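Reader: I'm new to this one, so could you walk me through it slowly? I'd like to look at it together and ask as we go.

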Amino acid sequence: MNNYMIGIDIGTTSTKSVLFTEQGSVVSTSTQEYPLYTPAPDVAEQDPEEIVQAALRSVRGVMDQSGVATEQILFVSCSSAMHSVIAMGQDNTPLTRCITWADNRSAAFSAQLQENGLGHRIYLRTGTPIHPMSPLTKLMWLRHDEPKLFERTAKFISIKEYLFFRLFGQYVVDHSIASCTGLLNLEQLDWDAEALEIAGITSDHLSKLVPTTHILEGMNQESAEKMALSPLRPLLLAQVTGFYPISA
């Protein structure tokens, strides 16, 4: 019996899934589009629910096109656009849309960090340049411009973290995504204390850090059925972050 792999790429205006053979040949592809919301020049947001549904439909699309059985899927890996932020409430529902890399509302805070020298110090530890794309400066902007919302937020997560929470009910972030936040100390592979203080948050506001080889198990039945995958399949994280099926 042949085995296959699925890759998901969550982009700014579409999510694409591709089913490959073990040798890397493409068997089938499926792309699901969605809008990028830009109601003002500096605003660039996505609807998190639209992203989740696009991911589910795109995986189902490659499964339906190929006729491959669930047990033939070795794993599903997932990459996404970086630098996104979603504020999650205590009830685990989004308080904001997904603020994407293209959102420029934190430009003034980026400039502030660059001018006072803090930005360079943080850059040396995190490896993330200080710019409006950075979740660090996005959090500074939210704290300043949306203080009531900021105070109500239980977690600040990326779009990939949101997808995995919806599938598995866990807040986890792999080192590759965390490394672009401006909040991760690369030498310690832990959240940077000074960056957290500048953002106005604690590590409790962020997901659990895990290596890119981390495996999640126990996908919810509804999501598994929508993707034509088994809920018994674990999920292997990488940037790259993905599902890693085992025999049912």
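**Starting at a helix**

Author: At the start of helix α1, a side-chain oxygen of Asp47 comes to within 2.9 Å of the backbone nitrogen of Glu49. Please keep in mind throughout that this is a predicted model.

Reader: Okay, and how many residues does α1 have, and how far does it reach?

Author: Helix α1 covers residues 48–66, which makes 19 residues, and from its first C-alpha to its last it reaches 28 Å, close to the 27 Å expected at 1.5 Å a residue. Just after α1, Gly67 takes a positive phi of about 75 degrees.

Reader: Which residues of α1 are buried?

Author: The buried residues of α1 include Pro48, Ile51, Val52, Leu56, Val59, Val62 and Met63, and Gln53 and Ser58 are also among them.

Reader: What about Arg60 and Asp64, what do they form?

Author: Arg60 and Asp64 form a salt bridge, with their closest N and O atoms 3.0 Å apart. Because the two residues are four apart in helix α1, they are separated by about one helical turn. Asp64 is exposed, with a relative accessible area of 53%, while Arg60 is partly exposed at 32%.

Reader: Let's go inside then. Which residues have the most contacts inside the largest nonpolar core?

Author: That core has 37 residues, and those with the most contacts inside it are Ile6, Ile10, Leu19, Met63, Ile73 and Leu167. At least two residues each come from β1 (4–10), α1, β5 (73–80), β6 (86–88), α6 (159–168) and α9. The element that gives the most to this core is α1, with eight residues.

Reader: Leu19 is in that list; what is it in contact with?

Author: Leaving aside neighbours within four places in sequence, the contacts of Leu19 include Tyr4, Met5 and Ile6, then Val26 and Val27, and also Val62, Met63 and Ile73. Apart from this core lies another one, of 28 residues, and among its members are Val85, Phe156, Leu196 and Ile198.

Reader: You mentioned α9. Where is Ser223, and is it buried or exposed?

Author: Ser223 has its place in helix α9, which covers residues 221–227. Ser223 is buried, with a relative accessible area of 9%. Not counting residues up to four places away in sequence, Ser223 touches Leu56, Arg166 and Leu167.

Reader: Changing topic: how many disulfides does a search of the whole structure find?

Author: A search of the whole structure finds zero disulfides. Cys98 is in no disulfide, and the nearest cysteine sulfur, that of Cys180, is 11 Å away.

Reader: Why is there no bond from Cys180 to Cys98?

Author: The reason is distance, because the sulfur of Cys180 is 11 Å from the closest cysteine sulfur, in Cys98, and that is too far for a bond. Cys98 counts as buried, at 0% relative accessibility, and Cys180 is buried too, with a relative accessible area of 8%.

Reader: Back to the charged pairs. How many salt bridges does the count come to?

Author: The count comes to ten salt bridges. One pair is Glu45 and Arg97, whose side chains meet at 3.8 Å, N to O. Glu45 lies in strand β4 (residues 45–46) and Arg97 in the loop between β6 and β7 (98–99), so this pair ties together parts that are 52 residues apart in sequence. Glu45 is buried, with a relative accessible area of 12%, whereas Arg97 counts as partly exposed at 32%.

Reader: And which parts does the pair of Arg125 and Asp192 tie together?

Author: The side chains of Arg125 and Asp192 meet in a salt bridge of 2.6 Å, N to O. Arg125 lies in helix α3 (residues 118–126) and Asp192 in the loop between β11 (190–191) and α8 (193–199), so the parts tied together are 67 residues apart in sequence. Arg125 is partly exposed, with a relative accessible area of 24%, and Asp192 counts as buried at 4%.

Reader: Which residues do salt bridges that share partners join into one network?

Author: The network joins Glu45, Arg97, Asp103 and Arg105 through salt bridges that share partners.

Reader: Last thing: what is the phi of His83, and where is its place?

Author: His83 has a positive phi of about 65 degrees although it is not a glycine, and its place is in the loop between β5 and β6. His83 counts as buried, at 14% relative accessibility. Ala228, also not a glycine, has a positive phi of about 60 degrees, and Ala228 is in the loop between α9 and β14 (235–236).

Terms used:
Residues are numbered from 1 along each chain as its sequence is written. This is a predicted model: local features need pLDDT of at least 70, side-chain atom pairs count only at pLDDT 80 or more; totals for chains, interfaces and linings use all residues. Side-chain values use heavy atoms; hydrogens and water are left out. The expected span of a helix is 1.5 Å times one less than its number of residues. Buried means under 20% relative accessible area, exposed over 50%, partly exposed in between (1.4 Å probe, protein chains only). A polar contact is a pair of N or O atoms within 3.5 Å; within protein, one must be able to donate a hydrogen and the other to accept it, and residues adjacent in sequence count only if both atoms are side-chain atoms. A disulfide is a pair of cysteine sulfur atoms within 2.5 Å. Contact means heavy atoms within 4.5 Å. A nonpolar core is a set of buried Ala, Val, Leu, Ile, Met, Phe, Trp, Tyr and Cys residues joined through side-chain atoms within 4.5 Å. A salt bridge is a side-chain nitrogen of Lys or Arg within 4 Å of a carboxyl oxygen of Asp or Glu.
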